[in-house]
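Biologist: Can you take me through this model, starting with the ligand? I am new to this, so please explain the terms.

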Amino acid sequence: MIKPPKETKTMTYQKQAPESIKEMFGTIAKNYDRTNAILSFKMHKHWNMELAKAVAHKQEVHAFLDLCCGTGEIAFNYAKLNKGAFELYLLDFTPEMLDIAKSKAKKLHLDGQRIHYIQSDAQKVPLPDEVIDCVTISYGIRNVSNPSLCIREAFRVLRPGGLMGILELTRPKNPFLKFGHTVYLKTILPILGKLMTSNTKAYHYLSQSIQSFQTPENLTKLM
Ligand SMILES: C[S@@+](CC[C@H](N)C(=O)[O-])C[C@H]1O[C@@H](n2cnc3c(N)ncnc32)[C@H](O)[C@@H]1O
C-alpha cells in the first residue's frame with residue numbers, strides 16, 4: 001500500500017481563506033491574461049506550452065483534466081497539441097474565470113474535443129476514479145489550502161499509466177537572481193498589478209505566496 005505523504009514544514013505558511021481567494025480571482029479575471037503577459041514579459045506563453053508539451057500523449061487520449069484552469073490557457077494548448085476527439089475537463093472554483101475560458105473556447109474552433117466546465121474545489125474533484133489520461137495544474141497548487149489533497153484527487157481520477165503535470169512559480173537558487181527576483185516580487189509586481197487591475201491585495205498575495213510556497217524538491221517528495 002502507498003502511504004499518503006506527510007505534510008512538510010513549508011506547507012504550513014499562512015494562506016488566505018478559500019472564499020477570499022475565490023473573490024480575489026473573480027475581481028481580476030477580466031484582465032487576468034493581459035496582466036500575466038505583462039508581469040511575465042510574455043514568458044508565460046512559453047512556460048504554458050512547455051507544460052502542455054511535457055504531458056502530451058503519444059497514444060490516443062480519451063480525457064484531459066486541467067485543475068485550477070483559470071481562463072483555460074493550458075487546456076487549450078493541450079487541445080491544440082493532441083488532435084482527435086477527447087473530453088476536455090476544465091475545473092476552477094471561480095465562476096468569472098470559467099466564463100472567460102468559455103468565451104475563449106468559442107473563438108478557438110477546437111474540433112473534436114468536448115469541453116466540460118466544472119465549478120468546484122480542486123481538492124474534491126467531482127469525477128469518478130480512473131477516468132482521466134492526463135491532469136495538469138498550472139500556477140494553481142500554490143493557492144489550494146491543502147496541496148496533498150489536491151494531488152491525491154488528481155491521482156484518484158487518473159487512469160493507471162496516466163500523467164500529471166504541475167507548473168508553478170518558484171524562486172531562483174542563484175543568489176544574484178534571487179536578489180533581483182525578490183526586488184521584483186516585493187516592489188515592481190505589486191505596483192504593476194495595481195496599475196493594471198486596481199487590486200493591490202491580489203498582487204501582494206501573488207508575491208507573498210510565491211515567496212513562501214514550498215520548494216520544487218518538497219513538492220516532488222509530496223507527489
Ligand atoms: C493563478 S490562477 C492560474 C490559472 C491558470 N491555471 C493559468 O495557467 O493561468 C489560479 C486559479 O486557481 C483557482 N483556484 C484557486 N484555488 C482553487 C481551488 N481550491 N479549487 C479550484 N480552483 C482554485 C483560481 O480561481 C484561479 O483561477
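Modeller: What follows covers the ligand, a surface patch and a few single residues. This is a predicted model: local features need pLDDT of at least 70, side-chain atom pairs count only at pLDDT 80 or more, and totals for chains, interfaces and linings use all residues. Residues are numbered from 1 along each chain as its sequence is written, and side-chain values use heavy atoms, with hydrogens and water left out.

Biologist: How many residues surround the ligand?

Modeller: The ligand is surrounded by 17 residues, and the closest are Tyr-32, Cys-68, Asp-92, Thr-94 and Ser-138. A residue counts if one of its heavy atoms lies within 4 Å of the ligand.

Biologist: What classes are in that shell?

Modeller: There are 9 nonpolar, 6 polar and 2 charged residues. Ala, Val, Leu, Ile, Met, Phe, Trp, Tyr, Cys and Pro count as nonpolar, Asp, Glu, Lys and Arg as charged, and the others, Gly among them, as polar.

Biologist: Which polar atoms lie by the ligand's nitrogen atoms?

Modeller: A polar side-chain atom of Asp-121 is 3.1 Å from a ligand nitrogen, and a backbone N or O atom of Ala-122 is 2.8 Å from a ligand nitrogen. On the oxygen side, a polar side-chain atom of Asp-92 lies 2.6 Å from a ligand oxygen. The protein covers 97% of the 590 Å² of accessible area that the ligand has on its own; such areas come from the Shrake-Rupley method with a 1.4 Å probe, and for residues only the protein chains shown count as cover.

Biologist: New topic. Where is Gln-113, and is it buried or exposed?

Modeller: Gln-113 sits in the loop between α5 (95-108) and β3 (114-119). Helices (H or I, at least four residues) and strands (E, at least two) are DSSP runs, numbered from the N terminus. Gln-113 counts as buried because its relative accessibility is 9%; buried means under 20% relative accessible area, exposed over 50%, and partly exposed in between (1.4 Å probe, protein chains only).

Biologist: Which backbone oxygens lie by the side chain of Gln-113?

Modeller: The backbone oxygen of Ala-79 is 3.3 Å from a polar atom of that side chain, and the backbone oxygen of Asn-82 is also 3.3 Å from a polar side-chain atom of Gln-113.

Biologist: And Lys-124, buried or exposed?

Modeller: Lys-124 is exposed, because its relative accessible area is 64%. Lys-124 belongs to the loop between β3 and β4 (132-138).

Technical notes:
Polar contact = N/O pair within 3.5 Å; in protein donor to acceptor, adjacent residues only side chain to side chain.
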